[in-house]
Amino acid sequence: MSVTQIQFLDVGWTYKTLAAKMDAAAKRVLESGWYVLGNEVKAFEKEFALYTGANHCIGTGNGLDSLELALRAAGVGAGDDVIVPSNTFIATWLAVTRTGANIIPVEPIEATYNIDPEKLEQALTPDTKAIIPVHLYGQPADMDKIMAFAEEHSLFVVTDAAQAHGAVYKGKMIGTLGHAAAFSFYPGKNLGAFGDGGAITTTDADLAKRIRSIGNYGSSEKYVHETLGFNSRLDELQAAFLRVKLDVLDDWNWRRRNIADIYLKGLKDTPLILPVVPQWAQPIWHLFVVRCEGRKGLITHLKENGIHTAIHYPTPPHKQGAYKHMGHLSLPISEAIHREVVSLPIGPHMTAEQAEYVVKTINEFYH
Ligand SMILES: *Cc1c(COP(=O)(O)O)cnc(C)c1O
């Protein structure tokens with residue numbers, strides 16, 4: 001009766017694995033008597049800027065705020081149009097809406113799930129100010145093509161890197177691409193905290209300064225408020241935890257790559273549509289997403305065998321109640337993707353043996 005259980009996500013494993021260092025980090029912060037914008041945030045910002053190769057890193061409250069802060073610092077607001085992928089987590093869209101700008105969804109390339117650069121031209125309006133490419137599932141978007149288009153039309157580009165900590169595009173770290181990169185440190189991300197957190201990386205010193213000010217009450221000098229800002233800062237405790245996690249990020253991303261390799265090899269002869277990795281991409285496999293018609297049967301079969309899956313995402317943003325005024329839009333690629341995708345378990349908590357078991361169980365379902 002007792003079946004092996006393969007969890008989709010195991011954040012508890014993270015703490016167990018790093019407990020001594022995490023306890024020490026927490027103690028250090030609690031004993032310091034300084035809980036907001038202290039040495040841990042400063043040190044993490046420096047370390048993450050170094051890791052990504054960007055010169056500047058600004059800690060924020062979460063990934064959604066990171067996106068909004070970057071857009072606002074670039075002057076995006078009411079009356080502007082912002083191009084976003086039609087298939088993404090809703091936060092990408094919400095960041096645009098919170099600035100007062102309009103969303104222009106663009107369909108993805110089916111093979112990579114990332115925004116199709118060939119479709120940018122037809123989405124352009126006289127009011128287009130920015131593009132948010134998302135490196136969905138940890139796979140880099142085709143940034144050279146996107147940046148060439150953005151330069152031609154003077155558009156601001158902030159990438160949504162919430163699923164791509166450590167991913168590489170043509171030899172360059174994701175955090176250095178575009179004008180800014182927005183990260184989330186939600187616990188389930190590849191670089192996850194034990195609560196909410198986020199950051200923005202950029203190579204532009206002026207932009208970094210504006211972002212920092214808007215996220216700190218529109219202030220760069222205490223009690224001087226030059227712009228209308230809000231409060232979105234990376235927490236001191238989370239920064240201390242993230243420093244521990246950053247040390248193991250590459251190692252843990254490699255564990256994900258090993259699992260992905262086992263899936264890619266072992267599932268070749270099934271009807272599943274497997275992720276396609278362009279030659280220039282080094283994904284970090286935040287998610288391993290396969291596509292099939294009638295996914296319900298597969299999900300049930302896996303569940304009966306102790307394998308937990310998820311769906312990213314069941315409903316596209318334009319079909320959500322929050323965007324019902326856009327519900328009439330026809331985005332057939334995105335709608336088909338949302339109907340057919342299944343995320344297999346992947347993460348540093350999994351062993352190669354468990355991945356082989358997932359492969360075996362899926363092959364049994366199809367043969
Ligand atoms: C997680 C995520 C976000 C939002 O990050 P939060 O820290 O939860 O606000 C934004 N975009 C994408 C693609 C994400 O996966």
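Q: What makes up the lining of the largest pocket, by residue class?
A: In this predicted model, the lining divides into 19 nonpolar, 14 polar and six charged residues. Gly counts as polar here, so Gly188, one of the residues nearest the pocket centre, falls in the polar class. Lys counts as charged, so Lys189 belongs to the charged class.

Q: Which residues lie nearest the centre of the largest pocket, and how many line it?
A: The lining holds 39 residues. Tyr186, Pro187, Gly188, Lys189 and His286 lie nearest the centre. The volume is about 660 Å³.

Q: Which helices and strands each supply at least two residues of this lining?
A: They are helices H1 (11-32), H3 (63-73), H4 (90-99) and H8 (236-266), together with strand E8 (180-184).

Q: Why is the largest pocket said to lie between domain 1 and domain 2?
A: Domain 1 (12-246) gives residues to the lining, and domain 2 (249-366) does too, so the pocket lies between them.

Q: What makes the contacts of the ligand with Leu64, Ser184 and Lys189 polar contacts?
A: The cut-off is 3.5 Å between N or O atoms. A ligand oxygen is 2.9 Å from a polar backbone atom of Leu64. For Ser184, a side-chain N or O atom is 2.7 Å from a ligand oxygen. For Lys189, the value is 2.7 Å, again to an N or O atom in the side chain. Each distance is within the cut-off, so each pair counts as a polar contact.

Q: Which other residues surround the ligand?
A: Among them are Asn62, Gly63, Phe89, Ala91, Thr92, Val134, Asp160, Ala162 and Gln163.

Q: How do you know that E6 and E7 pair?
A: Pairing needs at least two bridges. Strand E6 (residues 168-169) and E7 have two bridges, in the antiparallel sense, so they pair. Val168 stands opposite Met173 in E7.

Q: Why are E7 and E10 placed at the edges of the sheet?
A: The open sheet has three strands in the order E7-E6-E10, with antiparallel pairing. Strand E7 (172-173) and strand E10 (281-282) each have a single partner strand, so one side of each is left without a neighbour in the sheet.

Q: What makes the phi of Tyr137 stand out?
A: Most residues other than glycine have a negative phi. Phi of Tyr137 is near 65°, a positive value in a residue other than glycine. Tyr137 sits in the loop between strand E4 (128-131) and helix H6 (143-152).

Q: Which peptide bond is cis, and what is its omega?
A: The bond joining His312 and Tyr313 is cis, with omega about 10°. Most peptide bonds are trans. Tyr313 lies in the loop between helix H9 (295-304) and helix H10 (332-340).

Key. Residues are numbered from 1 along each chain as its sequence is written. This is a predicted model: local features need pLDDT of at least 70, side-chain atom pairs count only at pLDDT 80 or more; totals for chains, interfaces and linings use all residues. Side-chain values use heavy atoms; hydrogens and water are left out. On a 1 Å grid over the protein atoms alone, a cavity is a set of points where a 1.4 Å probe fits but cannot get out, and a pocket is an open set with protein on both sides within 12 Å along at least five of seven lines; lining residues have an atom within 4 Å of a point. Grid points are joined across faces, edges and corners, and a volume is the space filled by probe spheres set on the points. Helices (H or I, at least four residues) and strands (E, at least two) are DSSP runs, numbered from the N terminus. Domain bounds come from an automatic or database domain assignment. A residue is near a molecule or strand if one of its heavy atoms lies within 4 Å of it. A polar contact is a pair of N or O atoms within 3.5 Å; within protein, one must be able to donate a hydrogen and the other to accept it, and residues adjacent in sequence count only if both atoms are side-chain atoms.
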